[in-house]
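Colleague: Please take a close look at the nonpolar interior of this model and at the strands around it. I should be grateful if each technical term were explained when it first appears.

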Amino acid sequence: MATASINESSFAAFHSDLNPYVDLKRATCENGHRAVNVLILHKRFPNDTVRSVRGPSMLMYVPFTQAVNLVTLYVRAPESGQRPSGISLFKNVKNVTLNGVGYVQPTQTYALTDADWTHGIATLQLKPGTFKNVQSVTVFVSDNDGREDVTALTNLMFLGSTVGPSTLKKKCTT
């Protein structure tokens, strides 16, 4: 269930905000006028929005610094016809592009309607057990609810738990 604001009191028991574990240096956004970092750093830049540039689709690669188990993705967008209506998530898929996304099987897909949005927030519950030991998530926005040329997002918040005490960077260097 969506809430009016994304804050720690709305989190499910035993799950936390995983955005501090996003590797912002490697995160990318294809067909967005700004870096995906703005969406992850929403608390620092609450009025910033990432808008698609050429058509409504956007592709965001979100790597983590540590393996995580994801349970929920909060998506925040302006109250307009520019909210995402089609979202596909890809677990641990690297190097996918907007041109090639149709050739990769998504891990989970959402068709969002007006009923899924409350105060500009859509709460995407992930399939139980499907998003365990996640090193990265690719978020593909295929369309928006107004069939406009521009899709807009103001925040992505990942909810879940970390896996173990070590980081992926440390694992890669040893």
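Modeller: The protein chain has an accessible surface of about 8,700 Å², and carbon and sulfur atoms account for 52% of that area; such areas are obtained by the Shrake-Rupley method with a 1.4 Å probe, and for residues only the protein chains shown count as cover. The model is a predicted one, in which local features need pLDDT of at least 70 and side-chain atom pairs count only at pLDDT 80 or more, while totals for chains, interfaces and linings use all residues. Residues are numbered from 1 along each chain as its sequence is written, and side-chain values use heavy atoms, with hydrogens and water left out.

The protein chain contains two helices and eleven strands. Here helices (H or I, at least four residues) and strands (E, at least two) are DSSP runs numbered from the N terminus. Their order from the N terminus is β-β-α-β-β-β-β-β-β-β-β-β-α. Of the 174 residues in the protein chain, 51% are buried; the term means under 20% relative accessible area, whereas exposed means over 50% and partly exposed lies in between (1.4 Å probe, protein chains only). A contact requires heavy atoms within 4.5 Å. Among the contacts in the protein chain with a separation of 6 or more, 79% join residues 24 or more positions apart.

We now turn to the interior itself. A nonpolar core is a set of buried Ala, Val, Leu, Ile, Met, Phe, Trp, Tyr and Cys residues joined through side-chain atoms within 4.5 Å. The largest one has 32 residues, of which Met60, Phe64, Leu70, Leu89 and Phe158 touch the most other members. Two or more residues of this core come from each of β4 (58–76), β5 (84–91), β8, β9 and β11 (155–162). Strand β4 gives the largest share, eight residues. A second, separate core has seven residues, including Leu59, Phe90, Val93 and Val101.

Leu70 shows how the interior is joined. Beyond its neighbours within four places in sequence, Leu70 has contacts that include Leu18, Phe64, Val137 and Phe158.

Two of these partners deserve attention as rings. A pair of aromatic rings is described by the distance of the centres and the angle of the planes. Rings of Phe, Tyr and Trp (its six-membered ring) pair if their centres lie within 6.5 Å; planes under 30 degrees apart count as stacked, over 60 as edge-to-face, and the rest as tilted. By this rule there is one aromatic pair. The ring centres of Phe64 and Phe158 are 5.6 Å apart and the planes stand at 85 degrees, so the pair is edge-to-face. Phe64 belongs to strand β4 and Phe158 to strand β11, 94 residues apart, and the pair thus links distant parts of the chain. Phe64 and Phe158 are both buried.

Strand β9 (134–144) is also part of this picture. Eight of its eleven residues are buried, so β9 is largely enclosed by the rest of the structure. Strands pair if DSSP finds at least two bridges between them. Strand β9 pairs with β4 in the antiparallel sense over seven bridges, and Pro63 has Ser136 as its bridge partner in β9. Strand β9 also pairs with β5 in the antiparallel sense over seven bridges; there, Gly86 has Asp143 as its bridge partner.
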